[in-house]
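Grab a pencil and try these exercises on the structure below. Each one comes with a solution worked out step by step.

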Amino acid sequence: MEFSSFYHLNVWRACPNMRLWTFFLLLLLLKNDVVRSGSDYLVGLGSYDITGPAADVNMMGYANMGQIASGLHFRLRARAFIVAEPKGNRVVFVNLDACMASQLVTIKVIERLKARYGDLYTEKNVAISGTHTHAGPGGYLQYVVYIVTSLGFVRQSFDIIVDGIEKSIIEAHENLRPGSIFLNKGELLDAGVNRSPSSYLNNPAAERSKYKYNVDKEMTLLKFVDDERGPVGSFNWFATHGTSMSRTNSLISGDNKGAAARFMEDWFEQRGSGRMDSVTLENDGLPRRISSIIPSLRDNHHELLELAASFQSPPGRPATRTSSVARRVRGALRQVDRPRFVAAFCQSNCGDVSPNVLGAFCIDTGLPCDFNHSTCGGKNELCYGQGPGYPDEFESTRIIGERQFRKAVDLFNSAAEEIEGKVDFRHAYVDFSKLEVTISNLGASEVVKTCPAAMGFSFAAGTTDGPGAFDFKQGDDKGNPFWKMVRDLLKTPSKEQIECQHPKPILLDTGEMKEPYDWAPSILPIQILRVGQFVILCVPGEFSTMAGRRLRDAVKTVLSSDKDFDDIHVVIAGLTNTYSQYVTTYEEYQVQRYEGASTLYGPHTLSAYIQEFKKLAKALISGKQVEPGPQPPDLLNKQLSLLPPVVVDGTPLGVNFGDVCSDIPQNSTFKNGDNVTASFWSACPRNDLMTEGTFALVEFLKGKDTWIPAYDDDDFCLRFKWSRPHKLSPKSKATIEWRIPKGVTAGVYRIRHFGAAKGLFGSIHHFTGSSSAFVVA
């Protein structure tokens, strides 16, 4: 052996060609390993609960003073991804189950990230975007006009969102591992319609002829794959409003995009566990998971009834603060072996896109609304868009959510185009209240200006998703003498402002209203994030369909002029980093429907965005930085709040918190599709938001005496409703409704409630209560 080794060594030394080929072979193997591992990027995803106060707080979106939160449909979350070059740039994108991003929230999140990570994450490479649900608590924005209906600033709403964003980013950062990203696109035809078609038709016919539809029907999806663990998440962008839930809904909800995210995360969880059951794969059933915790049992109905009869509702009892977290079905403790799968359904240019796909009809006659003004007999209050589940808004939310979920799963399963290339970003602040914009008109250049923010009369008319009140109507380019007189009591717009905003008749001159502090923003962030051939345009508002197309095309034209940007994919992320209402085309602005009346900075707003985004795109190509621009104000210390605090909670004499006040009848048996309801003596949900926990739980009896969690208040099938007999009453009730999903395991179940009560001297005491047991056959 020693001789043989010596002989082979001499051959190795004597054959330089052998050494050369072996060296190249090793290089080739190493290169193939790198390609196979996909480790050009580090990829991390995170998610955290941002569900705000489920009582007393006005919902953000419809500006309806009467829409006050009083329970929970399902929980809201912040979902984040980070993509980083191992020794280079990184970008963060956060998708919020919230109406929109907030400048103040963004400022405070960036402050926290800088304190924790230094300059690793800044306003330049972090984007925070809202899904535009109209069923989340308001009061977290800093400008007056956006917090009037919430009675000012709501610190609890603000804090939970800031905390949740920070924690989702921390989780994504800690999950950073070598991984790959794949992209896919596809058409989704039945999840959005244009709610202002008369405005769209005012765009040039030649431009409209380039498009098959009057809204964007394309969904663009990113699939994130960990080199070792496999798929860890997906984010997609698709334009449709978060208005499946109506302006009278009082339950916190992520609306159709939040529902789609919940469906997809549950789908992946069950795919991983080998249980595909019926998570939206059946056309005739609720798109809900079948709890993978519950074992399958024989259906012995008589024995189950006897077993259920032995569990009567016990008195309410004290609980610990973490009790509901420990019982949560999707608790972090169940994910110790790997990060949870994160699915985000992000918003795009949804300004004129409604999920109420059946169209707008008069609720008094059933006839279609007036085409130009969306009125019924001259009144806008009677014109409502109808979702596919009309008149059941929960069903409409489910259907539109399911349609987005189904398309996302299809794109996820077939995603094959790998993202490759640089990670980069550009960000600037721009004062849109006085920006000079160069536009081209019939080949000649002209310099125009944007205006201080102002809202037109048609803003008050609302939309077919949520009409306004009084005698306002869409398409009003004249105004009304009475309301102009009322307006002037607040602020009379100057002649220059009236001319600048023409043909918009000004109802609220918000950009020039400064008492007690700014009513509307003037300085806005614009941002581009790049990951290889995928580019996100982060815009602080709601772009109409055609406005979004023009912006995308303009940026794509600039980027495509450079060979480093071949075959790029450009998406718009709406409602990002702050909120400044709508952006329409110049032609749509002339019609002055709701979207045009809500385009704050005048008829040239879109041209201003295109001009400034082209500057960012050119900087991406050249590798140069851009001027940061003027800083937006931090108005936290100026905020006012008129929302009264919780004073004290109470129960009737001799009753404990958590006692059942309306129990499930004894010897009850239910089946799939039935509703099971129990009510408890409770306390105000503002005392504890049960973050990453639950107010409501359905428990399953395992064996003879072990109750395990099956469904909680983050499940689409379970609703938590809170009420008090009158506004000043310390007494309140919690009603929990469970619609039994299709395919649920037969067995013994009960409903459980968690809450927190405030004592006379301010102390918080947690409690829990349970219903009597019942049988599901």
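**Exercise 1. Work out how the side chain of T450 is held in this predicted model: which backbone atoms lie close to its polar atom or atoms?**

Step 1. Start with the nitrogen: the backbone nitrogen of L435 is 2.9 Å from a polar atom of the T450 side chain.

Step 2. Now look for an oxygen. The backbone oxygen of F432 sits 2.6 Å from a polar atom of the T450 side chain. A polar contact needs a pair of N or O atoms within 3.5 Å, and the F432 distance is 2.6 Å, while the L435 distance is 2.9 Å.

Step 3. Place T450 along the chain: it belongs to the loop that runs between β20 (444-449) and β21 (455-456).

Step 4. List the neighbours. Leaving out residues up to four places away in sequence, T450 touches F432, S433, K434, L435, V437, C500, Y601, H604 and A608.

Step 5. Buried or exposed? T450 has a relative accessibility of 3%, so it counts as buried; the cut-off for that is under 20%.

**Exercise 2. Trace the partners of strand β35 and decide how enclosed the strand is.**

Step 1. Begin with β36 (residues 764-770), which pairs with β35 in the antiparallel sense over seven bridges. One bridge to check on screen joins A756 to H766 in β36.

Step 2. Look at what connects these two strands. β35 and β36 make a hairpin with five residues between them, and G762 in the turn has a positive phi of about 100 degrees.

Step 3. Move on to β31 (residues 696-702): five bridges pair it with β35, again in the antiparallel sense. Here F700 has Y749 in β35 as its bridge partner.

Step 4. Add β37 (residues 774-776), which is antiparallel to β35 and joined to it by three bridges. G747 is bridged to V776 in β37.

Step 5. Now for burial. In β35 (residues 747-758), eleven of the twelve residues are buried, so the strand is largely enclosed by the rest of the structure.

**Exercise 3. Find the strands at the edges of the open sheet that contains β2 and β3.**

Step 1. Write down the strand order. The sheet has seven strands, arranged β7-β2-β3-β33-β34-β30-β28, with antiparallel pairing.

Step 2. Read off the two ends. β7 (136-137) and β28 (660-662) each have a single partner strand, so one side of each has no neighbour in the sheet.

Step 3. Check one edge up close. β2 (residues 55-60) and β7 run antiparallel and are joined by two bridges; M59 has P137 in β7 as its bridge partner.

**Exercise 4. Classify two aromatic pairs by the angle between their ring planes.**

Step 1. Get a feel for the total: the structure holds 37 aromatic pairs.

Step 2. Take F543 and Y609. Their centres are 5.1 Å apart and their planes are at 70 degrees, making the pair edge-to-face. F543 is in strand β25 (residues 542-543) and Y609 in helix α16 (residues 605-622), so this pair links distant parts of the chain, 66 residues apart. Both F543 and Y609 are buried.

Step 3. Take Y582 and Y594. With ring centres 5.3 Å apart and planes at 85 degrees, this pair is edge-to-face too. It ties together parts twelve residues apart in sequence, because Y582 lies in strand β27 (residues 582-583) and Y594 in helix α15 (residues 594-597).

Step 4. Check burial for that pair: Y582 is buried at a relative accessible area of 4%, and Y594 counts as buried at 12%.

Step 5. For a bigger group, pick out F74, F263, W267, F268, F341, F405, F412 and F716, which form one aromatic cluster.

**Exercise 5. Zoom out: how compact is the protein chain?**

Step 1. Count the elements: there are 16 helices and 37 strands.

Step 2. Compare the radius of gyration with the globule rule. The chain has 28 Å, close to the 28 Å that the rule gives for 777 residues, so it is as compact as a globular protein of that length.

Step 3. Add the extents: the C-alpha trace spans about 105 × 80 × 50 Å along its principal axes.

Step 4. Look inside and out. Of the 777 residues, 60% count as buried. The accessible surface is about 30800 Å², with 55% of it belonging to carbon and sulfur atoms.

Step 5. Finish with contacts: among those with a separation of 6 or more, 78% are between residues 24 or more positions apart.

Note on methods. Residues numbered from 1 in each chain as written. Heavy atoms only, no water. Helix = DSSP H or I, 4+ residues; strand = E, 2+ residues; numbered from the N terminus. Buried < 20%, exposed > 50% of the residue type's maximum accessible area, 1.4 Å probe, protein only. Polar contact = N/O pair within 3.5 Å; in protein donor to acceptor, adjacent residues only side chain to side chain. Contact = heavy atoms within 4.5 Å. Pairing = 2+ DSSP bridges. Rg over C-alpha atoms; globule rule 2.2 N^0.38 Å. Areas by Shrake-Rupley, 256 points an atom, 1.4 Å probe, with all protein chains shown as cover. Phe/Tyr/Trp six-rings, centres within 6.5 Å; stacked < 30°, edge-to-face > 60°.
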